[in-house]
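Hi there,

Here is the structure I promised to pass on to you. Have a look at it in your viewer first, and then read my notes underneath.

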Amino acid sequence: MFRKLCKYELRLLARALVPIYLALAGVAVVNTFISYDSISDEYLRYAIDHIGIFGGLFSVLQNVSIFLYFGVVVALGVLTLIFVIQRFYKGLLSDEGYLMFTLPVEPWQLIAAKGTAAFAMILASLLVAILSGLLVMSGTVNPIELFSALPYAFSEITKIYPAIRPIDFVGIYLILAVAGLAVLYQIYFAIALGHLFGKHRIMISLLAFIAASAILRASWDFGWEFLSNFSVSRKFVRMIIDLPIEQWSSSLLHLFMLVLLVSQLCKLALFFFGTERILSKKLNLE
Amino acid sequence: MNSDLINCRNLTKIYGAKKALDHVDLSVGRGRIVGLLGPNGSGKTTFIKLLCGLLQPTFGSLEVDGHAPGIHTKSLISYLPDRMYFADWMKISDLTEFFADFYADFDQTKAKEMFAALGIGSQDRIKTMSKGTKEKAQLALIMSRKAELYLLDEPIGGVDPAARDFILNTILNNYSENSTVLLSTHLISDIEEVLDEVIFLKNGRVLCHDTVESIREKEGKPLDQFFREIFVYSA
């Protein structure tokens with residue numbers, strides 16, 4: 001059932017986002033061909049370089065197309081977020097909720113499917129944005145050269161932060177993914193909480209999100225204070241606070257990453273089960 | 001299999017300071033067409049939502065087929081709410097696929113036949129349909145399930161008499177013998193002939209739960225007139 005729920009959610013989100021992906025791809029292709037370096041025709045190059053009006057026109061066209069490209073990239077980011085929030089609200093808390101909450105599935109499966117599909121589409125949007133950027137750059141930079149520069153970039157990073165190993169990036173991406181999901185469920189939780197009220201639901205949801213962020217921030221600070229009270233963890237806390245990151249050892253970095261991962265997992269669990277409890281026990285579809 | 005399909009004891013639902021259902025004790029058997037009757041605000045929709053698991057009781061117990069509302073009861077119940085609950089962009093083919101995916105008792109052939117009878121194509125989108133056609137399409141999907149309990153919330157409210165006949169015929173022709181149909185309405189004269197039992201609700205309390213035949217015998221008047229008398233508004 002969970003798989004089927006995800007399938008429908010993905011279909012709904014893809015239906016909204018694929019046209020924007022296509023628009024971005026189209027604008028990226030235009031930008032690729034409109035870059036000066038991609039023009040191989042000698043006569044055209046000569047015209048751009050030596051005929052004033054032709055060069056000016058070309059420059060205007062370039063500026064407009066790059067402006068359009070960045071406009072669509074921003075629209076993609078904003079619309080992805082709006083659609084993800086809208087799908088949760090419309091799918092579970094408006095009239096469609098009558099259908100979804102009477103399906104023979106547990107409420108947690110509905111919430112998990114929303115989050116999974118939303119997360120997949122956010123990743124898809126990110127991937128499309130990156131690929132479109134590479135496509136635009138391919139007009140001026142050889143993609144092979146671009147990728148061959150990655151090891152160099154990494155070696156530069158390790159020069160500054162010697163504790164980082166290539167495998168650590170897997171951990172960093174994992175933490176970012178869990179943190180992203182935790183923020184997504186924090187949004188869901190705030191919407192579900194706001195929906196308990198008869199009036200000013202958006203305002204209450206917004207306040208709930210801000211309040212939850214403030215409480216989490218205070219808990220994070222309190223957690224470090226708490227850990228510094230014990231002799232076992234005091235040294236670790238002092239090193240994290242006092243040592244510049246450039247001087248961290250690999251084991252200190254790994255321990256810190258573990259703390260980050262566990263804290264984000266706790267945050268994710270808190271908002272997931274909070275949302276589940278509200279929608280299971282206090283569903284308010286009217 | 002429990003002998004009673006619906007069983008509730010002391011069922012109470014309170015919204016803020018208002019009691020929507022007040023200590024309701026009810027048992028409904030199988031193979032019955034039951035009218036849930038009462039004026040607006042009497043607790044009909046709340047009772048149906050509690051049966052569906054859309055609401056939780058404030059206290060008291062509620063069982064369908066011997067189980068508290070949950071996955072098991074949801075798989076037995078086919079629910080028609082008092083509103084459209086499909087996304088506007090969906091096509092009829094999307095909806096039949098959706099129902100077939102989630103309900104093991106959904107009969108796709110029956111659904112296709114009903115849509116064909118209604119003149120609704122599989123590629124028709126919900127948003128292109130009139131209000132009446134949307135309601136009929138929704139009812140066709142609900143009645144294409146071989147459910148044990150059909151919960152129909154105001155299925156004949158706000159439609160023209162011809163549509164009303166269609167809806168009632170659809171209900172009568174498509175529910176299986178052992179299934180119970182619980183339908184809420186305040187348009188009693190239209191459904192009086194099809195009902196086996198009635199439950200009269202007023203201010204969240206059960207005023208009367210009896211068979212239609214017994215009420216007619218005892219009161220010596222049609223159900224509609226009986227309803228008007230017990231729900232008379234004081235000027």
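Start with B:Phe47: apart from its neighbours within four places in sequence, this residue is in contact with B:Ile6, B:Cys8, B:Leu11, B:Leu21, B:Leu26, B:Leu36 and B:Leu182. Keep in mind that this is a predicted model.

B:Phe47 is also part of something bigger. The largest nonpolar core has 142 residues, and B:Phe47 is among those with the most contacts inside it, along with A:Leu279, B:Phe99 and B:Phe200. From chain A, that core takes at least three residues from domain 1 (1-141) and at least three from domain 2 (144-286). If you're new to cores, here's the background: in soluble globular proteins, nonpolar side chains tend to be buried together.

Now for the empty spaces. How many cavities of 30 Å³ or more are there? The count comes to 3. The largest cavity has a volume of about 150 Å³ and is lined by 15 residues; nearest its centre are A:Leu12, A:Glu96, A:Met100, B:Met90 and B:Phe98. Two elements of chain A, α1 (2-34) and α4 (96-100), give two or more residues each to this lining, and α1(A) has the largest share with 5 residues. By class, the lining of the largest cavity is 11 nonpolar and 4 charged residues, with no polar ones.

The second largest cavity holds about 50 Å³ of space. B:Phe99 turns up again here, as one of the lining residues, and so do A:Thr102 and B:Arg145. Strand β5 (residues 77-80) of chain B gives the largest share of that lining, 3 residues.

On to the pockets. The largest pocket has about 750 Å³ of space, and the closest to its centre of its 33 lining residues are A:Ser280, A:Lys281, A:Lys282, B:Leu55 and B:Gln56. Where does this pocket lie with respect to the domains of chain A? Domain 1 (1-141) and domain 2 (144-286) both give residues to the lining, so the largest pocket lies between them. Its lining has 17 nonpolar, 7 polar and 9 charged residues.

Keep an eye on α10(A), which gives the most to the lining of the largest pocket, with 5 residues. α10(A) also gives the most to the lining of the second largest pocket, this time with 8 residues. That second pocket has about 440 Å³ of space; among the residues closest to its centre are A:Trp220 and A:Gln264.

Have fun with it!

Technical notes:
Residues are numbered from 1 along each chain as its sequence is written. Chains are lettered from A and ligands numbered from 1 in the order in which they are written. This is a predicted model: local features need pLDDT of at least 70, side-chain atom pairs count only at pLDDT 80 or more; totals for chains, interfaces and linings use all residues. Side-chain values use heavy atoms; hydrogens and water are left out. A nonpolar core is a set of buried Ala, Val, Leu, Ile, Met, Phe, Trp, Tyr and Cys residues joined through side-chain atoms within 4.5 Å. Buried means under 20% relative accessible area, exposed over 50%, partly exposed in between (1.4 Å probe, protein chains only). Domain bounds come from an automatic or database domain assignment. Contact means heavy atoms within 4.5 Å. On a 1 Å grid over the protein atoms alone, a cavity is a set of points where a 1.4 Å probe fits but cannot get out, and a pocket is an open set with protein on both sides within 12 Å along at least five of seven lines; lining residues have an atom within 4 Å of a point. Grid points are joined across faces, edges and corners, and a volume is the space filled by probe spheres set on the points. Helices (H or I, at least four residues) and strands (E, at least two) are DSSP runs, numbered from the N terminus. Ala, Val, Leu, Ile, Met, Phe, Trp, Tyr, Cys and Pro count as nonpolar, Asp, Glu, Lys and Arg as charged, and the others, Gly among them, as polar.
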